[in-house]
Amino acid sequence: MSDRLKVLPQYLLPKRAMTRLAGRIASKPRGGMTTATIRRFVARYGVNMDEAAEPSITAYATFNDFFTRALKPGARPIAQAPLVCPVDGAISQVGRIEGDQVFQAKGQHFTTTALVGGDAQLAAKFRDGLFANLYLSPKDYHRIHMPADGRLLRMVHVPGALFSVNPTTARGVPGLFARNERVVCVFENDTLGTWVLVLVGATIVGSMATVWHGSISRRGPVREWDYVPGQVALKQGDEMGRFLLGSTVVMLFEKSPLQFNPAWQPGGKIRMGEAMAR
């Protein structure tokens, strides 16, 4: 069966209603029911609780508290590199932007303009630059960290669809990452120039949040927040946001001599803090 046929049911499912319901359930304390749910989740997905700052399943009042759990200090050392991996997960795709085309999967591309919410002037900065699409599965650590130092310039919430973002869906849904709901975070630093980190929403992802704003409301049209340079400044390795359930991070960088870690290949496992580029 082709990937397009496999994802056909997703077009028919009430994805938004499913997501709202999952968000409500995951955010409420349910005592023993919450503990039992977390225990089943840990067993099914093989979650390593030994590296969690709070390894006891019974300590989490809600499923969301467990899902966005912190790690023990030193669990993810930060490499000495110009870019480090911002998440635990797997590489969906990584490489060079061809003009304004970002490779999603075999036969599938999306444009930088579409990804950032239609801002052609911003998208033009990344022409022939670098991109990385990184997938977080349900078992992964779900806090997102800074790949490099960054001064926040702008944040844009772009409403959209809520397709799954797993590898099959990436192959089967055209323009998936520029089609789903997303939060576009625009940073700059003196070495990289302007760069973008995009949090992509998905089915039953209860919410997306940043450390400077908190949870991003899903209501309304495209919304934008501007920041005075230096108002929000984060260091490489600092936490910048989190997902409530698994999703994808997409990053865009300006054209430069940087080269991605040669060990980074589609499908490969990655850990937050490892060297991403040289």
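Me: Strands are DSSP runs of at least two residues, numbered from the N terminus. In which loop does Asp 88 lie?

Reply: The model is a predicted one. Strand 1 covers 83–84, and strand 2 covers 89–96. Asp 88 lies in the loop between strand 1 and strand 2.

Me: Which residues does UniProt place under "active site"?

Reply: The annotation comes from an unreviewed UniProt entry. It may be inferred rather than shown by experiment. The set is Asp 88, His 145 and Ser 247.

Me: Which residue from this set is in the lining of the second largest pocket?

Reply: UniProt lists Asp 88, His 145 and Ser 247 for the feature. From this set, the lining of the second largest pocket takes in Asp 88.

Me: Is Asp 88 buried or exposed?

Reply: The relative accessible area of Asp 88 is 5%. Buried means under 20%. Asp 88 is therefore buried.

Me: Which side chain does a polar contact of 2.6 Å join to that of Asp 88?

Reply: Beyond four places in sequence, the contacts of Asp 88 include Arg 76, Tyr 135, Asp 140 and Arg 271. One of these has a side chain joined to that of Asp 88 by a polar contact of 2.6 Å. The partner is Arg 76.

Me: What is the relative accessible area of His 145?

Reply: His 145 sits in strand 6, residues 143–145. Its contacts beyond four places in sequence include Pro 86, Leu 197, Asp 238 and Met 272. His 145 is buried, with a relative accessible area of 8%.

Me: Which residue does UniProt list for "modified residue: Pyruvic acid (Ser)"?

Reply: The residue is found in the loop between strand 14 and strand 15. At 0% relative accessibility, it counts as buried. The unreviewed UniProt entry lists Ser 247.

Me: How many residues are in the largest nonpolar core?

Reply: In soluble globular proteins, nonpolar side chains tend to be buried together. Here, Leu 134, Cys 185, Phe 187, Leu 197, Leu 199, Trp 212 and Met 240 touch the most other members of the largest core. Strands supplying at least two residues each include strand 5 (130–135), strand 8 (182–189) and strand 9 (193–200). The residue count is 38.

Me: How many residues are in the second, separate core?

Reply: Among its members are Ile 97 and Tyr 135. Val 158 and Leu 252 also belong to it. The second core has 27 residues.

Me: Why does the pair of Phe 187 and Trp 212 count as edge-to-face or stacked?

Reply: Phe 187 and Trp 212 are both buried. Phe 187 is in strand 8, and Trp 212 is in the loop between strand 10 and strand 11, 25 residues apart. Their ring centres are 6.1 Å apart, and their planes meet at 85°. Planes over 60 degrees apart count as edge-to-face, so this pair is edge-to-face.

Me: Which ring residues are linked into a cluster?

Reply: The count of aromatic pairs comes to twelve. Ring pairs link one cluster of Phe and Tyr residues. The members are Phe 41, Tyr 45, Tyr 60, Phe 63, Phe 66 and Phe 67.

Me: Which residue has a positive phi although it is not a glycine?

Reply: Its phi is about 60°. It is found in the loop between helix 7 (120–124) and strand 5. At 30% relative accessible area, it is partly exposed. The residue is Asp 128.

How values were computed
Residues are numbered from 1 along each chain as its sequence is written. This is a predicted model: local features need pLDDT of at least 70, side-chain atom pairs count only at pLDDT 80 or more; totals for chains, interfaces and linings use all residues. Side-chain values use heavy atoms; hydrogens and water are left out. On a 1 Å grid over the protein atoms alone, a cavity is a set of points where a 1.4 Å probe fits but cannot get out, and a pocket is an open set with protein on both sides within 12 Å along at least five of seven lines; lining residues have an atom within 4 Å of a point. Helices (H or I, at least four residues) and strands (E, at least two) are DSSP runs, numbered from the N terminus. Buried means under 20% relative accessible area, exposed over 50%, partly exposed in between (1.4 Å probe, protein chains only). Contact means heavy atoms within 4.5 Å. A polar contact is a pair of N or O atoms within 3.5 Å; within protein, one must be able to donate a hydrogen and the other to accept it, and residues adjacent in sequence count only if both atoms are side-chain atoms. A nonpolar core is a set of buried Ala, Val, Leu, Ile, Met, Phe, Trp, Tyr and Cys residues joined through side-chain atoms within 4.5 Å. Rings of Phe, Tyr and Trp (its six-membered ring) pair if their centres lie within 6.5 Å; planes under 30 degrees apart count as stacked, over 60 as edge-to-face and the rest as tilted.
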